[in-house]
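Colleague: Please take a close look at one part of this model, and then follow the contacts and the chain outward from there. A connected account would help me more than a list.

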Amino acid sequence: MKTRFLATLLLASAPLALAQAAPKATPKPPKSVRLYIFNCGSIKGLSPATFNFKPEEVKATEMVVPCYLVVHPLGTMIWDTGVIADSAFKPDGSPVTQGTGVTMSAIKPLKTQLAAVGYKPSDITYLALSHYHSDHTANANDYAGSTWLVHQEERDFMFNPPPQAPVMSTASFSALKDAKTTIIKRDDFDVFGDGTVIIKFAPGHTPGHQVLFLKLAKTGPVLVAGDLYHYPEERTTGNVPTFEYNKEQSLASRAKIEAFLKQSNAKLWIEHDKATFDTLKKSPAFYE
Ligand SMILES: [Zn+2]
């Protein structure tokens with residue numbers, strides 16, 4: 001009797017186990033563009049002086065590090081890949097902190113957050129990084145199977161950097177060297193060809209720094225600004241970080257993007273700004 005009960009239980013549970021082991025099907029493409037925002041970590045202990053500010057001139061020094069997933073009817077795109085590599089997480093999944101003085105931490109791997117909304121790296125059509133700095137590239141190698149969207153200036157710098165190029169972790173993006181790559185040649189690159197997802201050239205912070213414009217059906221136009229600014233105070237003072245690739249270029253890019261914001265009426269989301277991030281919906285919620 002006992003044995004039969006056990007056998008029944010095993011039989012009953014077998015299909016369930018199989019169902020759990022089978023990979024989940026990728027979600028059906030949505031009718032209009034969606035944007036998921038992932039919490040990819042934070043950076044603490046930064047000196048405002050690094051950004052040409054006195055301590056009393058910035059409200060908060062902590063920076064957040066978001067990653068973004070754009071889901072379009074025709075494909076998907078990851079924008080920025082975080083400050084902590086997924087591989088740094090232990091099996092128990094506890095939060096990871098790295099560095100001394102300036103510390104970088106993350107509470108969840110990017111792949112786990114991606115999986116929570118039904119996607120895995122091999123489902124991602126495009127990878128785009130706002131720029132090559134290490135707080136944006138931690139998981140770039142995981143998306144080397146996607147098509148990488150990059151400006152020539154940025155790619156050249158990444159694979160042939162001058163000695164002591166700041167904020168660079170070449171190992172974190174080394175696999176992109178052999179990735180299928182689309183070199184963005186125009187100022188505006190229309191990713192899916194319908195004007196809803198546009199990468200705009202905004203160099204200066206790095207040679208090929210870029211920002212992301214989204215035309216969302218319900219939310220309206222949004223500009224995900226990369227590191228065009230770090231602290232919102234940069235917007236009103238004109239201060240640029242001490243480690244800009246080209247300060248004049250940064251100021252020209254800011255002027256160009258500010259004019260675009262006026263003309264497009266887009267909301268500006270500074271990626272590292274904690275105050276902005278705190279107000280935004282995080283995945284699994286999404287903007288559409
Ligand atoms: Zn950054």
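Modeller: Two strands are taken as paired if DSSP finds at least two bridges between them, and that criterion is the one to keep in mind for the part I have chosen, the pair β11 and β12. The model is predicted, so everything that follows describes computed coordinates. Strand β11 (residues 210-216) and strand β12 (residues 220-224) run antiparallel and are joined by five bridges; within this pairing, Leu-212 has Val-224 of β12 as its bridge partner. As a general matter, strands of a sheet pair through backbone hydrogen bonds, in either the parallel or the antiparallel sense.

The pair belongs to an open sheet of five strands with mixed pairing, in the order β9-β10-β11-β12-β13. Its edges are β9 (188-190) and β13 (267-269), each of which pairs on one side only, and neighbouring strands are turned against each other by 25° on average, direction ignored. Helix α7 (residues 247-264) packs on this sheet, where it touches β10 (197-201), β11, β12 and β13, and the direction of α7 makes about 170° with that of β12.

From here one can turn to the zinc ion, which is coordinated by Asp-135 (OD), His-136 (NE2), Asp-227 (OD) and His-272 (NE2) at 2.1 to 2.2 Å. Along the chain these donors follow the spacing D-H-x90-D-x44-H. Asp-135 sits in helix α3 (residues 134-137) and His-272 in the loop between β13 and α8 (274-279), so that this pair, 137 residues apart, links distant parts of the chain; both Asp-135 and His-272 are buried. Four donors would count as tetrahedral if all angles lay between 85 and 135 degrees, but the angles among the four donor atoms here run from 87 to 167°, and the site is irregular.

What lies around the residue that leads from β6 toward α3? Leu-129 is in the loop between β6 and α3, and with a relative accessible area of 5% Leu-129 counts as buried. Apart from neighbours within four places in sequence, Leu-129 is in contact with Asp-80, Thr-81, His-136, Thr-137, Trp-148, Met-158, Leu-176 and Gln-210. This list includes a zinc ligand, His-136, and Gln-210, the residue at which β11 begins, and thus brings us back to the starting pair. The C-alpha atoms of Leu-129 and Glu-154, which are 25 residues apart along the chain, are separated by 10.0 Å.

Leu-129 also leads into the second sheet, since the loop that holds this residue follows β6. Eight strands form this open sheet in the order β4-β5-β1-β2-β3-β6-β7-β8, again with mixed pairing; the edge strands are β4 and β8 (181-184), each pairing on one side only, and the twist averages 25° from one strand to the next. In this sheet β3 and strand β6 (residues 126-128) pair in the parallel sense over three bridges, with Ile-78 opposite Leu-127 in β6. Helix α4 lies across β7 (147-151) and β8, running at about 100° to β7.

A search of the whole structure finds one disulfide, and this bond falls in the same eight-strand sheet, between strands β1 and β2. Cys-40 is joined to Cys-67 with an S to S distance of 2.1 Å. Because Cys-40 lies in β1 (residues 34-44) and Cys-67 in β2 (residues 63-72), the pair ties together parts that are 27 residues apart in sequence. The torsion about the S-S bond is about -125°, so the disulfide is left-handed, and both cysteines, Cys-40 and Cys-67, are buried.

Some backbone features deserve a careful look as well. Most residues other than glycine have a negative phi, and most peptide bonds are trans. Asp-80, one of the contacts of Leu-129, has a phi near 70°; Asp-80 is in the loop between β3 (75-79) and β4 (96-98) and is buried, with a relative accessible area of 0%. Gln-164 also has a positive phi, of about 60°, and lies in the loop between α4 (152-159) and α5 (170-173), but Gln-164 counts as exposed at 80% relative accessibility. Finally, the peptide bond from Ser-283 to Pro-284 is cis, with omega near 15°, and Pro-284 is placed in the segment after α8.

Technical notes
Residues numbered from 1 in each chain as written. Predicted model: local features only at pLDDT ≥ 70, side-chain atom pairs only at ≥ 80, totals over all residues. Heavy atoms only, no water. Disulfide = S-S within 2.5 Å. Helix = DSSP H or I, 4+ residues; strand = E, 2+ residues; numbered from the N terminus. Buried < 20%, exposed > 50% of the residue type's maximum accessible area, 1.4 Å probe, protein only. Axes fitted to C-alpha atoms, helices over the stretch in contact; angles between N-to-C directions. Contact = heavy atoms within 4.5 Å. Donors = N, O, S within 2.8 Å, 3.2 Å for Na, K, Ca; no water. Tetrahedral: all angles 85-135°; square planar, octahedral: opposite > 155°, others 65-115°.
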